[in-house]
Every structure is written in C-alpha cells, then in structure tokens.
Amino acid sequence: LVTGMDIIFFWVARMTMMAGHFTDAMPFETVYIHGLVRDENKQKMSKTKGNGIDPLVLINRYGTDALRYTLIREVAGAGQDISLEYDRKTDESASVEASGKFANKLWNASRFVMMNLAGQTPQSLGEPEPGSLELCDRWILSRFNRTVQTTSDRFTQYGLGEAAKDLYEFIWGDFCDWYIELVKPRLQADDAASKRVAQQTLAYVLDGILKLLHPFMPHITEEVWHTLTQTGEETCLALQPYPQVNGQLISNELEQQFTLMIGTVRTIRNLRAEVGIKPSAAIAALLQSDSAAERQILEATRSYIGDLAKVSELTITASLDAEAPESSAAEAPQAPPAGAAPETAPVAQSVMALLERPVITISQFYSQAKKPLKTLVLLFALLVVLRILGAAVGTIESIPLLPGLLRLVGIGYSAWFIRQNLWLAGDRRQTAQRFSQFWQQIVGQAAARSAQQSTITVPSTPVQPQPKPQIADAAAQSTAAEPEASPKMIAGVIGTVQVLIPLTGVVDVDALRAKVEKDLGKVEGEIKSLSGRLSNSGFVDKAPAQVVQGARDALAEAQKQAEILRDRLKML
C-alpha cells in the first residue's frame, strides 16, 4: 500500500482490522508512507483553503517527466513532506523548472552521442574490451557501475528521493560535464581504434542511463531509447532488464584519482574567471604537491587537465617548503642565472649572501633604479654616514675600557637577536621578509628583482619551486620588456595540491587592480552607510525588526565582499 501519513489512522488501520475480521489475513505486507505535497507557504492543500496547485498547469509548462521527477527527488526519507515552489501569478515553479533543465540536458547529451555513433547502435557496437579502455573510459564505467549499485540499494531501502539525486549527480556531472568533454578530442581525431572505444563506451553508458532513469522519467527515456537502439514500437524500455552491477569495473582508487583531477580543473577554471582570463585563452599553470602519489595522479591525467582547463604549459612538481602556509597569491618564481645554485639554501645563507653584496655596481644600480636623482642622493648620504661611523669608531677605540664593554653589549645583543629572530623557522622567514621589504624600499622593485636573480629572497607566501623553462622564459621576457612590472601569480588550493597561474603577459594587472580598488571603494562606502544606520539608536529602536535584520545581513555581506576584495588586492 502507498499512502500519505495523514490517513494512517483513519483508513490504513481500519482496512487492516476489517481485513483481519473478515478474512483472517493481512490485506498487504508493506505500507509505503509518503509525505504530503504542500504549497509554496508549506500549507496542506485543501479545497476549503483553495490553495491547491493544478498539476496540469505545471505539466503544460514543463512536461510530465519534469513534474514527476521533482516530486520524487524532493522525497527525503519516509514520511517527510514536500514543499513545492510555486508562483501563482505566473504559474511558474523553480523546482520543476530545474527538473525540466535536467531533461533538456539529457536530451542534448543523447543527441551528441548519437550524432557521433555514425548510425550505429549499442548492440552493433558491442561492449568495449577491458584491455582497450583508456583511463577516462575505465573511470566512467566505474562510476556507472557504482551508480547502478547505489540505485539498486536505494530501491531496496525505499530511498526513492536519494536514488533520484544520485542519478542526477551521475548523469549531469560525471557523464555530461566530464566524460563527454574528455572524449570529444578522440571523436574528432584520426585514431580509429581510440574513436571506436569511445563510441562503444558512450553508447553502453547512455543505454544504461536510460534504463536507470526510466522509472523516474518514463517519457523522455522511452523516446531517446527507441532512437538510440533503433527498435520499433513492438517493444518498450519498461520491459528491458534493469542494469546489473559489474563489480570488477568498480575502482575506488581510480575514482579518487579523477576526484583530484576534477578538483584541479575546477580550481584552474575558478582562478581564470577570478582574474578575467578569457575561456579560450591558453595559459601556463604550475601544480605543487608534497605527495608523490598526488603528483603521479596529476601526471597520469596531464592531458585531461590541459584539454579541460585550456592549459598549454603544465608544470607538476614537489613543494620546496612543506611547512609553508597556504596562500591566495605568490610572486612568480624567477629563473636562476646560468650556473646558479638551486633555490634551496636556508634563510640564513640567503641573508648572508645579500649582505656580502650590499651595493650593486654603480652603473647597474643607476640603470635599474626608478629615480636616478634619488639614487645619487642616497649614495652621497651613504658615503657621509660611513665617514661619520668611521670617525665614531676611531674615537671609541681611544677611550679606555669602553671598547671591551661595547663588545660585551654587542655579543649580548647578537644572542638576543638570534633568539628573537632566527631561532625558529617562522622567525627566520619573517626576518627575511622584513629584510626583503627594506631592501626593496631602498633600491626599488627593479633592483630588488636583480638581486633576487643572484640571491634568494623569502617572500611572505610559500617558497615556490622553479617552473619549466617555458614559463621561466616567458616571465623573463615580460620582465625585460617592462622592467618596472612585478610578475605575479594567482594561486588556489585543492586538497594538498597548490595551483598557480602566472598573470604576467596574460592579464593587465594594473587595470585589474584599478577595477578591484574601485569595487572596494564602493563596498567600503556601503559598509560606512550601513554601519551608520545600525549605530543610530533611533533607527534600530523604531524601524521594523525585519528592516533592521536586513540591514545587518547586508552589512555582513558587504564586509565579506570587502574582505575578498582586499585579499584580491594583496594578490595583485
């Protein structure tokens, strides 16, 4: 018996008692209790209230399958009510519309598959041989069989809503968004063997999808199945055997690998969108991970990452600083000069190397500094200070006992400085960062970059490994063309993999920074206005509660936006 929870006492219990009285037998073995379909205000539909929703109106607008699938998908456990979104003025429903879009997605994906089967059917193509499967083929077959398994388990447990959600995630996500995109190059390539395997896998999985989804969307699946299999009206999809799971094709390890690959591609896409890189533009990317297993996965899926994320130059390397904190932005790694040692020296050696070369040659210094006049003044002042210090040292040496006392003070101060600034790794990084900033303030960005080519400067962000020569050359060429530009990288993290994209030569960093500053100014103005209203006791006490709460919510949202924009400015 399938019944609503509101009539269990009025009808179900009485039917059971009547059947027991007259037949001495139970009228049914199982009672499936579903919730009520409530209106947009979560009220029970009734003729008295006149708040019923005519299903024919929704069917005419979105289709029978869309309404049917919505009602099943919204079921979350036995007896839970369903709230149906509905606008009575326009007769529109956002939830049913979402199911209609799902049906359109399935229809378009099926058209694409059949257009690339060259008139063949799943039966004529046959199942692909396991030995001929490529990595993405084995992954989609693993995901398909896992979905078959979970769907069967859901049916056994009467988890209809959960089964509908699982199928939605697999069909829209795994099959349409990822697998079809992965096999498009193979369908257009000249490799006949690889193309046929792709066709076999597409046809096999689509045939199984239609059978899995048929109980939820019987009309569209029946139509597509007949076109796919080229069968007549003498048979129907409902009479076909339901898919059975093949456990040998399920691979937990392979699915975990593709989870990392998919997350990496999504991160790259999000970073591209964040800085306004055109979707069609090919970029360079750097992937860092301390895990050898993760690097192996990324290497195995390198071609997929390149195709899906439009990455023309991909570098996969180990992290040089495993303890470095995660960052949203980092300075672009500089290419070392010929014969230079790798950037793996500790911070102390970096500082010592910089101290050994306190002044660049006058000609190089003069050509690289931003303002030559200030440079000359700085050099003159430095000479004067050195002469004064030399005279002071000579005077101190002539005073009895004072030199020894000052040496003791110097030793004590050195011990204190080492303890405060160089004893821990974090202190060393912070000291090197302050020294790097001080040096840049003295000689300017251009001279600082020149010093970075012969010494190691530890930035506030994690120390990044050297990318491939192609990326380093591109950064060097950009630096040579614009000596005052500071090459930047935007970074994101997926798991323990750090994704970095060089911005130099890809986007106009100055224009992007100006736009972010303008947006931040608007948001800060809004924050100031909302804060002033909320600090006014007259507004808080007299305004309606929902208006005050709306202002507080708007302030919280504006503060969050401002924080995001400030982080983006730091990145730039």
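Glu-134 is partly exposed, with a relative accessible area of 29%. Let us start there and walk through this structure, which is a predicted model.

## Pairs of opposite charge

Side chains of opposite charge can pair when their charged atoms come close. What is the count of salt bridges in this model? It comes to 17. In one of them, Arg-186 pairs with Glu-134, and the closest N and O atoms are 3.6 Å apart. Arg-186 belongs to helix H7, while Glu-134 sits in the loop between helix H5 (122–125) and H6, so this pair ties together parts that are 52 residues apart in sequence.

Next comes Asp-166, which forms a salt bridge with Arg-154; here the closest N and O atoms are 3.0 Å apart. This pair also links distant parts of the chain, with Asp-166 in helix H7 and Arg-154 in helix H6, 12 residues apart. In another salt bridge, the side chains of Glu-299 and Arg-302 meet at 3.1 Å, N to O.

Are these charged residues buried or exposed, or something in between? The table gives the values for five of the partners.

| Residue | Relative accessibility | Class |
|---|---|---|
| Arg-186 | 9% | buried |
| Asp-166 | 23% | partly exposed |
| Arg-154 | 29% | partly exposed |
| Glu-299 | 39% | partly exposed |
| Arg-302 | 24% | partly exposed |

Some salt bridges share partners, and in this way Arg-143, Arg-146, Asp-174 and Glu-255 are joined into one network. Arg-186 counts as buried because its 9% relative accessibility falls under the 20% cut-off.

Which charged residue is buried yet has no salt bridge? It is Glu-294: the nearest side chain of opposite charge, Arg-295, is 7.5 Å away. A salt bridge needs a nitrogen within 4 Å of a carboxyl oxygen, so that distance does not qualify. You can find Glu-294 in helix H11 (residues 292–300). Leaving aside residues up to four places away in sequence, Glu-294 touches Leu-260, Ser-289, Thr-496 and Val-497.

## The nonpolar cores

In soluble globular proteins, nonpolar side chains tend to be buried together. In this model, the largest nonpolar core has 91 residues, and those with the most contacts inside this core are Ile-171, Phe-175, Leu-213, Phe-258 and Met-261. Which helix gives the largest share of the core? Helix H7 (residues 160–188) does, with 13 residues.

Phe-258 is a good place to look around inside. Not counting residues up to four places away in sequence, Phe-258 touches Leu-135, Cys-136, Trp-139, Leu-182 and Tyr-304. A second, separate core has eight residues, including Ile-53, Leu-58, Leu-67 and Val-96.

## How helices pack

Helix H7 comes up again when we look at packing. Helix H3 (residues 64–73) packs with H7 at an angle of about 120 degrees, and their axes are 7 Å apart. From H3, Tyr-69, Ile-72 and Arg-73 make the contact; from H7, the partners are Leu-160, Gly-161, Ala-164, Lys-165 and Tyr-168. Sorted by class, this contact has five nonpolar, one polar and two charged residues.

Now turn to helix H12 (residues 302–309), where Tyr-304, Ile-305, Gly-306, Leu-308 and Ala-309 are buried. What do these buried residues of H12 pack against? Their neighbours are helix H6 (135–156), H7, helix H10 (252–275), strand E5 (283–288), H11 and strand E6 (311–317). Tyr-304 thus has a place in two parts of this story: it is buried in H12, and Phe-258 touches it.

## Backbone angles to look for

H12 is followed by Lys-310, whose phi is positive, near 55 degrees. Two loop residues also have a positive phi without being glycine. For Asp-24, phi is near 55 degrees, and this residue lies in the loop between helix H1 (8–23) and strand E2 (32–34). For Lys-42, phi is near 65 degrees, and its place is in the loop between strand E3 (37–38) and helix H2 (55–62).

Are these two loop residues buried or exposed? Asp-24 counts as exposed because its relative accessibility is 72%, and Lys-42 counts as exposed at 56%.

Technical notes
Residues are numbered from 1 along each chain as its sequence is written. This is a predicted model: local features need pLDDT of at least 70, side-chain atom pairs count only at pLDDT 80 or more; totals for chains, interfaces and linings use all residues. Side-chain values use heavy atoms; hydrogens and water are left out. A nonpolar core is a set of buried Ala, Val, Leu, Ile, Met, Phe, Trp, Tyr and Cys residues joined through side-chain atoms within 4.5 Å. Buried means under 20% relative accessible area, exposed over 50%, partly exposed in between (1.4 Å probe, protein chains only). Helices (H or I, at least four residues) and strands (E, at least two) are DSSP runs, numbered from the N terminus. Contact means heavy atoms within 4.5 Å. Lys and Arg count as positive and Asp and Glu as negative; His and the chain ends are not counted. Axes are lines fitted to C-alpha atoms, for helices over the stretch in contact, and angles run from 0 to 180 degrees between N-to-C directions. Ala, Val, Leu, Ile, Met, Phe, Trp, Tyr, Cys and Pro count as nonpolar, Asp, Glu, Lys and Arg as charged, and the others, Gly among them, as polar.
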